[in-house]
Amino acid sequence: MSENTFYCRQAIQLENDILRVTVLKEGGHIAEVFDKRAGVSPLWIPHWTSIEPSAFDRENPGPFGTGVDAKLLAGIMGHNLCLDLFGGPSPEEAAAGLTAHGEASVNAYEISESPGMLTTQLTLSLAQLKLTRTIELHGERVRIQEHIENLTALDRPIAWTQHVTLSPPFLDPATTQFRASMGRSIVSETDPGSNAYLQPGAEFTWPLAPRADGGDADLRQMNPTAPASGYTAHVADSQSEDAFFIAFAPRPQLAFSYIWKRADFPWMGIWEENCSRLGSPWNGRTITRGMEFGVSPFPESKRAMIERNRLLDTPTYKWLPARGRLDAEYWIVSQIADAIPEQLSWPASQA
């Protein structure tokens, strides 16, 4: 483990001969999974200057504005954890101090090291949850385990999403390919950008989504024409215990994947942003694809999530018992390949 500055941020790095994983101290984001063979990390580094969330000043917000997502945008990178919100807070929650995607994306973590492993811990004081995450390197794979404890005496519904965002130079809307073990799907009624190309609210089966102008869009590739934006939600294939997505960039010949247990995270959302957001700090320059797997279909308020209850015959949140605990394990796999793999298998823990 080494302490470093990564794009103006305090960070901890864990590496072996193949991979370097960078974790931000504030927000706990997995900012980088750098494959030394390919010379690239697929994860999103925004084009704007990142600052520590603790340095964000709502009275002088700079390019980030004063919205509920301002503090998050000031420090977002790569793979951030959304807990116990996936989306924006209600007005009352915002007045109480919550920001978009919750405390886990902006608060400072305690980080410790044991051989080949990082352990990050955070107590969410407003949500009254305790989070422990371990990150281990196994060759070209990264094993991640998360444990969430309910510090209250009440059963409660929670939001819990892994917000994995890819960007150039790995991501190219014209050439990067995707595979995913998804089935029933739906287009969001509301567009996260300003140039929606899919039919709002349309239900479909992965990967062919109805276009707003007719025909189908194959979501195994981004919409290559800018500006474009969209959000779709997908239920993991019920025929397998595991769920996955694979992203493949032909030029570095890198297949970058996540695999998780469907029982832990039954949903995956795909967020596309291709130069559609013109306001600051986006400024029409951002190209990203979020592959966001979790317990909820859409980023929305906690109240909306609970009132929705089920969608496509699948719950839209998970229950966390009083004084109880939820555990999840998932893996990142970074492979050199001539073509995109069509399937992904659960890794052996000690490989």
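This report covers the pockets, the cavity and the aromatic contacts of one structure. The model is predicted.

## Pockets and cavity

The largest pocket has a volume of about 590 Å³. Its lining counts 29 residues. Nearest the centre lie Gly87, His101, Pro192, Arg277 and Pro299. Two elements, α1 (70-75) and β13 (182-187), each supply at least two residues of this lining. By class, the lining of the largest pocket holds 16 nonpolar, 6 polar and 7 charged residues.

The second largest pocket has a volume of about 280 Å³. Here 17 residues form the lining. Leu43, Ile45, Ser167, Pro168 and Pro169 lie nearest the centre of the second largest pocket. Strand β4 (residues 30-35) gives the most to this lining, with 3 residues. The split for the second largest pocket is 11 nonpolar, 4 polar and 2 charged.

A search for cavities of 30 Å³ or more finds 1 in the structure. The largest cavity has a volume of about 30 Å³. Which residues line the largest cavity? They are Tyr197, Leu198, Leu219, Gly230, Tyr231, Thr232, Ile270 and Glu272. Two elements, β17 (228-236) and β20, give two or more residues to the lining of this cavity. Strand β17 gives the most, with 3 residues.

The table sets out the lining of each space by residue class.

| Space | Nonpolar | Polar | Charged |
|---|---|---|---|
| Largest pocket | 16 residues | 6 residues | 7 residues |
| Second largest pocket | 11 residues | 4 residues | 2 residues |
| Largest cavity | 5 residues | 2 residues | 1 residue |

## Aromatic pairs

The whole structure holds 19 aromatic pairs. Two are described here.

Tryptophan 160 pairs with phenylalanine 265. Why is this pair edge-to-face? The ring centres of tryptophan 160 and phenylalanine 265 are 5.0 Å apart and the planes stand at 85 degrees, so the pair is edge-to-face; the cut-off for that class is over 60 degrees. The pair links distant parts of the chain. Tryptophan 160 belongs to strand β11 (residues 160-166), and phenylalanine 265 to the loop between β19 (254-261) and β20 (267-274). They are 105 residues apart. Are these two residues buried or exposed? Tryptophan 160 counts as buried because its relative accessibility is 1%. Phenylalanine 265 is also buried, because its relative accessible area is 0%. The cut-off for buried is under 20%.

Tyrosine 258 and tyrosine 330 form a stacked pair. The centres of these rings are 6.3 Å apart, with 25 degrees between the planes. Tyrosine 258 lies in strand β19 and tyrosine 330 in strand β25 (residues 325-336), so the pair ties together parts 72 residues apart in sequence. Tyrosine 258 counts as buried, because its relative accessibility is 0%. Tyrosine 330 is buried too, at 0% relative accessibility.

These four residues belong to one aromatic cluster: Trp160, Phe170, Phe245, Phe256, Tyr258, Trp260, Phe265, Phe293 and Tyr330 are its members.

## Charges over rings

Two arginines sit over phenylalanine rings. Arginine 20 lies over the face of phenylalanine 34, at 4.6 Å from the ring centre. Arginine 289 lies over the face of phenylalanine 178, at 4.3 Å from the ring centre.

Methods: Residues numbered from 1 in each chain as written. Predicted model: local features only at pLDDT ≥ 70, side-chain atom pairs only at ≥ 80, totals over all residues. Heavy atoms only, no water. 1 Å grid on protein atoms, 1.4 Å probe; cavity = no way out; pocket = protein on both sides within 12 Å on 5 of 7 lines; lining within 4 Å. Points joined across faces, edges and corners; volume = space filled by probe spheres on them. Helix = DSSP H or I, 4+ residues; strand = E, 2+ residues; numbered from the N terminus. Nonpolar A, V, L, I, M, F, W, Y, C, P; charged D, E, K, R; others polar. Phe/Tyr/Trp six-rings, centres within 6.5 Å; stacked < 30°, edge-to-face > 60°. Buried < 20%, exposed > 50% of the residue type's maximum accessible area, 1.4 Å probe, protein only. Lys NZ or Arg CZ within 6 Å of the ring centre and 35° of its normal.
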